[in-house]
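Let's take a friendly walk through a protein structure, from its domains down to single strands and helices. Keep the picture open as you read.

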Protein chains: 2
Amino acid sequence: MKKIIHGLLATFLTAAIFYPTSTMAQQSDATQPADLKMPTLEDLIPGGETYRFTENLYGVQWWGDVCIKPGIDSLFTINPKNRKETLLITRAQVNENALVTPTAGGQGNTNGSILQHFYNVEFPWADKPYMLIKKGKTYIVHDVEKNDIVKVYSQAEKNNGANIDFTPQGGHIAYTVKNNLYVDDKQVTNEPEGIVCGQSVHRNEFGIYKGTFWSPKGNLLAFYRMDESMVTSYPLVDITQRIGTIDAIRYPMAGMTSHQVTVGIYNPATGKTIYLDAGDPKDRYFTNISWSPDEKSLFLIELNRDQNHSKLCRYDVETGKLMGVLYEETHEKYVEPQNPIVFLPWDDTQFIYQSQRDGYNHLYLFSVDKLAGAAEQEGASALAAPRQLTKGEWLVRDILGFNAKKKEVIISATKESPLQSNTYKVNVKSGKITLLDNGQGVHNVQLSASGTYLIDNFSTPDVPRAINLVSTASGGANPRRIFTAEDPFKGLVMPTVETGTLKAADGKTDLYWRMLKPRDFDPTKKYPVIVYVYGGPHAQMITANWMYTARGWDLYMANKGYIMFTLDNRGSANRGLEFENCTFRHLGIEEGKDQVKGIEYLKSLPYVDANRIGVHGWSFGGHMTTALMLRYPEIFKVGVAGGPVIDWKYYEVMYGERYMDTPEQNPDGYQATDLKQQAGNLEGHLLIIHDDHDDTCVPQHTLSFMKACVDARTYPDLFIYPGHKHNVMGRDRVHLHEKITRYFEDYLR
Amino acid sequence: MKKIIHGLLATFLTAAIFYPTSTMAQQSDATQPADLKMPTLEDLIPGGETYRFTENLYGVQWWGDVCIKPGIDSLFTINPKNRKETLLITRAQVNENALVTPTAGGQGNTNGSILQHFYNVEFPWADKPYMLIKKGKTYIVHDVEKNDIVKVYSQAEKNNGANIDFTPQGGHIAYTVKNNLYVDDKQVTNEPEGIVCGQSVHRNEFGIYKGTFWSPKGNLLAFYRMDESMVTSYPLVDITQRIGTIDAIRYPMAGMTSHQVTVGIYNPATGKTIYLDAGDPKDRYFTNISWSPDEKSLFLIELNRDQNHSKLCRYDVETGKLMGVLYEETHEKYVEPQNPIVFLPWDDTQFIYQSQRDGYNHLYLFSVDKLAGAAEQEGASALAAPRQLTKGEWLVRDILGFNAKKKEVIISATKESPLQSNTYKVNVKSGKITLLDNGQGVHNVQLSASGTYLIDNFSTPDVPRAINLVSTASGGANPRRIFTAEDPFKGLVMPTVETGTLKAADGKTDLYWRMLKPRDFDPTKKYPVIVYVYGGPHAQMITANWMYTARGWDLYMANKGYIMFTLDNRGSANRGLEFENCTFRHLGIEEGKDQVKGIEYLKSLPYVDANRIGVHGWSFGGHMTTALMLRYPEIFKVGVAGGPVIDWKYYEVMYGERYMDTPEQNPDGYQATDLKQQAGNLEGHLLIIHDDHDDTCVPQHTLSFMKACVDARTYPDLFIYPGHKHNVMGRDRVHLHEKITRYFEDYLR
């Protein structure tokens, strides 16, 4: 790892003070700080009335290899070769025409005006002049050349459907009504309450985020069916009703009976549905559904309940029978498949599989042909060793697509730095990897149909956002800038942002930290510190985004005179398997030791008041906050924990058991991480905030902790936001942060 | 009222400083305050480990006209004439004999030792040498002369019954199992879930506290049957289960569909049950059940849902038919029958009815005979005008019994002072009323079988508790002291207690207040004040008990340097109908105006810091606390409200509609008293505490207020005690008061 870290060390080892461009610019403009306005929470918190978000080009996308740039009144194309903008169509034209020929398809009602702006139109047909307009739940196919409506899909609107999944290739629309699946006008499933079809399963773990999967040509629909009838309900109470009512959620807690998932395939042409013959679904996870290009096979990555053995399975779409197990992976801790396989567009016999098997998520090339002999042997790993396409102490974050002509796969990866996400092309034959962007920051990329161009939407610590059009052929040279966002904090007082690294509690691993200091920082003074912490898997708080991803509340509190500090401890994301899984079976403990290393660093700074250190976090960060207050009362004087996990046995099966096993398998680990057991250690001021509709981390966590503290005669504080789920969103998010602020002001000031 | 107040004015008009006897005694002993220990919450709060309760003679009672004085090992009799104590039996004797003849009745198992102490034995047979021993749910009749067991009633034990109601006269035992009624070994009712038999109904309003009523000779059992199946359930959540579960309670909210009650009569001899033919039970209250002495009639006071029209109804026990309406009472605001009729023991044709019809609760003598002609006329108030037995601007609190020989009814009343409860005999013929006690304090009295003697258990502001045996014949002269409690606070630092009166917001009504000052009070200093408030009907905070009923927490906070102040505003108990019902249809508003009068008085005192005034109360007092914080933010800086009513439409039908009518009838009143509407007025620090199993004032009140404050961008604080009901009891009550204390210390100090 040393070699790769090397570049980072240069960046971070000596803490680099970073002034946001806004204030730097104003300084060079000789603007006095007195001219700057002190930002309010309304300015800095999403949901605030004057929230300063970074500008963007909404709806920018590819239409084949032409870039589409939407506006309110007009839609432009941009030629990626020369950045030339051309008006494609106006809103007035679309709406005028829609009035004349209201519903070419004969279905649905477009109510005259069908467009209010172009920001959410889509161009999913690379080779057709068709624009997809979503008006409510009605999908309208519009020919931009003829300025005419081609077809209207109003079935989801008519049936008040949800989870709408339209296949541009097949021309079908799938959606759910309550717990059942519909396609076009037809009800596909007819299950009783307790069985859910066509929706995401396994609580969105394993990369799952939806429940319908159209085949490449749009002829078949694979879908999830989840039987939850055996899962215990958790009662959330809706107090906004005339008399409080129960909103029950099926919530399988660690070690308890979980739901059972099967996969169906529906054929709109025949109206027939088959289910994969995958055996007893009890205690199994069916993840990462993908289709073969010929639509004859369906691929799943199946996982046992222990989550330590995954199998890449291939099913015959016609019969539902297992054709073979293509690949298996085991790990003594856990395996976590999160990406479906992807076939090479130029070779239907080869696909890419992502695996952390060498310690970092990398690409592996598999050949289906070589599996022929193993087709009938269930459980056989008949595959010859796959070819590793990418390698190194960094990880692939995403496959963005392919350039079929050049036989390249385009990926985003952390090759430059664990804080960054850059874009690369990898030559599938040679393995040669080429950087396609500026090598800085975090890039969100859309690849054009042919793979020739990128829309490269990126930010860096000193660029709020910029968008380039990039040629993949030229290796990222001469990017054409089509958008540069203004500094969202222009005219506002901003703190300084620094980052750096320090050694983890294992004595060897480098950890990244971020520190915000008040703009008028005086090194001879003593400042209180608030540690903002998350600390759990799947997330990283410090990335090379604008201002190193400092949060609005961090900026606000730094302005108020706090030093704001965040450290990504071991167990957090994008640092590889070992970094993440060292927390296995005792979540929160190693993480806490690393946070203490951060505190040791802070205490070494002359301007830190070691007697005024606070901590704040939400969800896993709420667990961390509470755990730090209880395990290190001599360090942390004030904490605000939001939606915390208090006892992992109250958390759900999928996430919980991956990291903790079951309470029966790991009684000591559950005992050691159950914060109720340590309620008696509370010395400082701890405010716990929970939402009464938290269906991710149910209110039982916090309420049972309150009871434990009452039993132990300790004195936490509590607040509940009615009607919110796992976080406080929207307008109320400003209230939340004012509430948190007051707590620190009352007790840490 | 002036004439009666006169005596009180002498006592209270000039605020009398009161030093508890303990500290006075220690002063005269030349004990330095330095020798006194500062009491902790554990000393002062019920449930505390070292809680200082006032001693008592537990289980002292009458056996005919002989006084029984129980101990752990021995049971004594006391001759009331000469106070002579005689050993009746020892525990060893009872237990030894119980071993030899275990179960004379042949039923049940007494497990050898049947007595651990004598404190809860009873002597319900005035004319038999029988002692009733309750061992768990087994009732054992023991002959103290023969030292032998007469009979064992073990049916309730065997069936795990609740609500046990044993008739010494009839020798039957009634009890409930789940929602059904049992008598002896027989299941009397067989109703499905949602219908409850043999338990208290109408949420314990109208003086109802039980559901079974044995006839005078114990031959028949009247019982309540309540159909709740049409009542909406409120979901309380039990978070102590492995996964949170619902504890649903049937909770009819103001204006919503309420339960329906009927009255059954069971005859153990025939095994038959009849139900009173009272017509459609919808929106009616069936209250104050009582029997005629001959067991042939059952009397009920029936009330309409509006609670402004009551009827005393007589039913034929044989047929269940209405024999007549004996008396009706209406009031434009409400009538509130709370006492069943009581027949004169020397005349089966006459009974006493209690009514507030002249503005104060007084006794009225009715004659049944005169009703004969009206027997078949439903709705007729055929009764000749009843004779008013007691009269005056004071009220009868209770009928204690009769002296049949002298034709006297013995009552407790507030004739000496609204703060007191004294004992009187009233000659039924002449109406002559004679005080039977010392004319001070609050007396709890047991009358002997013949009515000749009283056990007079009392306290006064400077007597923690004493017990006298008093002869009713001698008019309370020469009471014989059988017990004097020690000062429970001996050796502890105690504040001073003062009381006085001030004028209500109506400019004329005298209100009583109580003030506690720190023992080291310095009139040149400025002290913060905490107002402890209840303010609702049915309760009075200031009575002439020991230390004027100052609460342990008040003592604690006064010791910490706060002035503790309480005022019984208009709307509170024991001051008559008009005093109480001036709050009709807008609860909390007049009450608040009176509390402001208290504040004006406080502000007139040079040692009160008007910028540091806080308020605390629970239940109605929680409503008052919240309302005062919102309506008078310029006065009240810190409040702690417990289990508050926030919106009367979330409160139950019986209590809520009596004072507020329904939301449909009184929309303006509900709007004006809905504290959510005023959430935006919150300026100071308000902590609201609620219990998650509060089935009296459901958590919806507090949670909906939190939402209203979030919407209004104001910042209350919140705490929840899991597992507790409408207050925090037991050991956790100390935690509660530490929590409350810290809040005031943080923000009002």
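## Domains of chain A

Before we look at distances between domains, it helps to know that domain bounds come from an automatic or database domain assignment. Keep in mind, too, that this is a predicted model.

For chain A, the assignment gives domain 1 (31–53 + 489–747), domain 2 (56–158) and domain 3 (392–487). Take domain 2 and domain 3 of chain A: their centres, taken over C-alpha atoms, are separated by 28 Å. Where they touch, 12 residues of domain 2 of chain A are in contact with 14 residues of domain 3 of chain A. On the domain 2 side of this contact, seven residues are nonpolar, three are polar and two are charged.

## Where the two chains meet

How many residues does each chain bring to the contact between chain A and chain B? Chain A brings 34 residues, and chain B brings 34 residues. On the side of chain A, the elements that give two or more residues are strands E16 (233–238), E17 (245–250) and E43 (717–721), together with helices H12 (700–712) and H13 (732–747).

H12(A) gives the most to this side, with six residues. Sorted by kind, the residues on the chain A side divide into 19 nonpolar, seven polar and eight charged.

## Two hairpins in chain A

Strands of a sheet pair through backbone hydrogen bonds, either parallel or antiparallel. Let's follow three strands of chain A with that in mind. Strand E3 (residues 66–70) and strand E4 (residues 74–79) of chain A run antiparallel and are joined by four bridges. E3(A) and E4(A) form a hairpin, with three residues between them.

E4(A) also pairs with strand E5 (residues 84–90) of chain A, in the antiparallel sense over six bridges. This pair, E4(A) and E5(A), is a hairpin with four residues in between, and Arg83(A) in its turn has a positive phi of about 65 degrees. You can find Thr77(A) in both pairings: Ile68(A) stands opposite Thr77(A) in E4(A), while in E5(A) the bridge partner of Thr77(A) is Thr86(A).

## An open sheet in chain B

Now move to chain B, where four strands form an open sheet in the order E32-E33-E34-E35, with antiparallel pairing. Strand E32 (442–447) and strand E35 (480–484) of chain B stand at the edges with a single partner strand each, so one side of each has no neighbour in the sheet. Ignoring direction, neighbouring strands of this sheet are turned by 20 degrees against each other on average.

E32(B) pairs with strand E33 (residues 453–460) of chain B in the antiparallel sense, over six bridges. Here Val442(B) stands opposite Ser459(B) in E33(B).

## Two helices in chain B

How enclosed is helix H9 of chain B? Because 11 of its 12 residues are buried, H9(B) is largely enclosed by the rest of the structure. Among the buried residues are Phe620(B), His623(B) and Leu630(B). The buried residues of H9(B) pack against helix H8 (589–603), strand E40 (608–618), strand E41 (638–642) and strand E42 (685–691) of chain B.

H8(B) has buried residues too, including Glu591(B), Lys597(B) and Tyr601(B). They pack against strands E36 (496–503), E37 (510–517), E38 (527–532), E39 (563–567) and E40, and against H9 of chain B. You can also check the length of this helix: at 1.5 Å a residue, the 15 residues of H8(B) should span 21 Å, and its end C-alpha atoms are 21 Å apart, which agrees.

Key: Residues numbered from 1 in each chain as written. Chains lettered and ligands numbered in written order. Predicted model: local features only at pLDDT ≥ 70, side-chain atom pairs only at ≥ 80, totals over all residues. Buried ≥ 20, exposed ≤ 12 C-beta atoms within 10 Å, placed from the backbone. Contact = placed C-beta atoms within 7 Å. Nonpolar A, V, L, I, M, F, W, Y, C, P; charged D, E, K, R; others polar. Pairing = 2+ DSSP bridges. Axes fitted to C-alpha atoms, helices over the stretch in contact; angles between N-to-C directions. Expected span 1.5 Å × (residues − 1).
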